[in-house]
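This report concerns a predicted model. It takes up the sheet, the helices that pack on it, and a contact between two helices.

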Amino acid sequence: MTGRLFAIVGPSGAGKDRLIAGLIAARPEIHRARRTITRPPAESEDFESLSAAEFAALRGRGGFALSWLAHGLGYGLRAAELAPLAAGRDVIFNGSRAALPECLAAFPQLRVIEITAAPAVLQARLAGRGREDGAEIARRLDRAALALPPGIGAVRIVNDGPPEAGIAALIAALQPDSACAASR
């Protein structure tokens, strides 16, 4: 039995990590794949921090099952983070819209869930987290309207309300009927 692989994608500030955390709290049998990122550690997110040189070397040695570049950073998932799939567990990860074609090439069974929010909500959330300056927030907001790559369907969740509503919508999106309903 093989588990299902879910990529959670969407603009910065949409609340992807918050919804994933709520999902895992409600459904601990789902494995959240821990990312490797080329940025300093942050208390708000659990990830493996590597320098750009360490990341490039690991990527060059085939050390990632999936990897991509976004926002001037390297992101990767080590093979061990996807190993629970073989044991029948569902695995979820915070991914990148731009990297979806490569992710689907490596994992054709990948299911995509797009989390989004209104521009004003995104701006307030980005400003509130304090990681980016005004110019970077503006660049992220410009990219927020980017569509998924052509031919890639997704279940879409608008996360403008309370976290509980977004978490409930994410749980519903993982149901087989909902995930299969996405057009590809």
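## Sheet and helix packing

Within the sheet, Val9 of strand 1 has Glu114 of strand 8 as its opposite residue. Between strand 1 and strand 8 (residues 111–116) the pairing is parallel and runs over four bridges. Ile8 likewise faces a residue of strand 8, namely Ile113. Strand 1 is also paired in the parallel sense with strand 7 (residues 91–94), again over four bridges. Here Leu5 stands opposite Val91 of strand 7.

The register of strand 1 with these two strands is set out below.

| Residue | Opposite residue | Strand of the opposite residue |
|---|---|---|
| Leu5 | Val91 | strand 7 |
| Ile8 | Ile113 | strand 8 |
| Val9 | Glu114 | strand 8 |

Strand 1 itself (residues 5–9) is mostly covered, with five of its five residues buried. Leu5, Ala7 and Val9 point to one side of the strand, whereas Phe6 and Ile8 point to the other; all are buried.

The wider arrangement is an open sheet of five strands with parallel pairing, in the order 2-7-1-8-9. Strand 2 (31–32) and strand 9 (155–158) stand at the edges, and each has a single partner strand, so one side of each lacks a neighbour in the sheet. Helix 1 (residues 16–26) packs on this sheet and touches strand 1, strand 2, strand 7 and strand 8. The direction of helix 1 makes about 160° with that of strand 7. Helix 7 (residues 163–173) lies across strand 1, strand 8 and strand 9, and runs at about 175° to strand 9. Strand 1 and strand 8 are thus met by helix 1 and are also crossed by helix 7.

A further contact joins two helices. The axes of helix 5 (residues 119–129) and helix 6 (residues 134–144) come within 10 Å and cross at roughly 150°. Why does helix 5 count as roughly antiparallel to helix 6? The crossing angle is roughly 150°, and angles over 145 degrees are classed as roughly antiparallel. The crossing of helix 5 and helix 6 is right-handed. On the side of helix 5, the contact is made by Pro119, Leu122, Gln123, Leu126, Ala127 and Arg129. Helix 6 contributes Ile137, Arg140, Leu141 and Ala144. By class, the residues of this contact divide into seven nonpolar, one polar and two charged.

Definitions and conventions. Residues are numbered from 1 along each chain as its sequence is written. This is a predicted model: local features need pLDDT of at least 70, side-chain atom pairs count only at pLDDT 80 or more; totals for chains, interfaces and linings use all residues. Side-chain values use heavy atoms; hydrogens and water are left out. Buried means under 20% relative accessible area, exposed over 50%, partly exposed in between (1.4 Å probe, protein chains only). Two strands pair if DSSP finds at least two bridges between them. Axes are lines fitted to C-alpha atoms, for helices over the stretch in contact, and angles run from 0 to 180 degrees between N-to-C directions. A crossing is left-handed if the near helix is turned anticlockwise from the far one by less than a right angle, and right-handed if clockwise. Contact means heavy atoms within 4.5 Å. Ala, Val, Leu, Ile, Met, Phe, Trp, Tyr, Cys and Pro count as nonpolar, Asp, Glu, Lys and Arg as charged, and the others, Gly among them, as polar.
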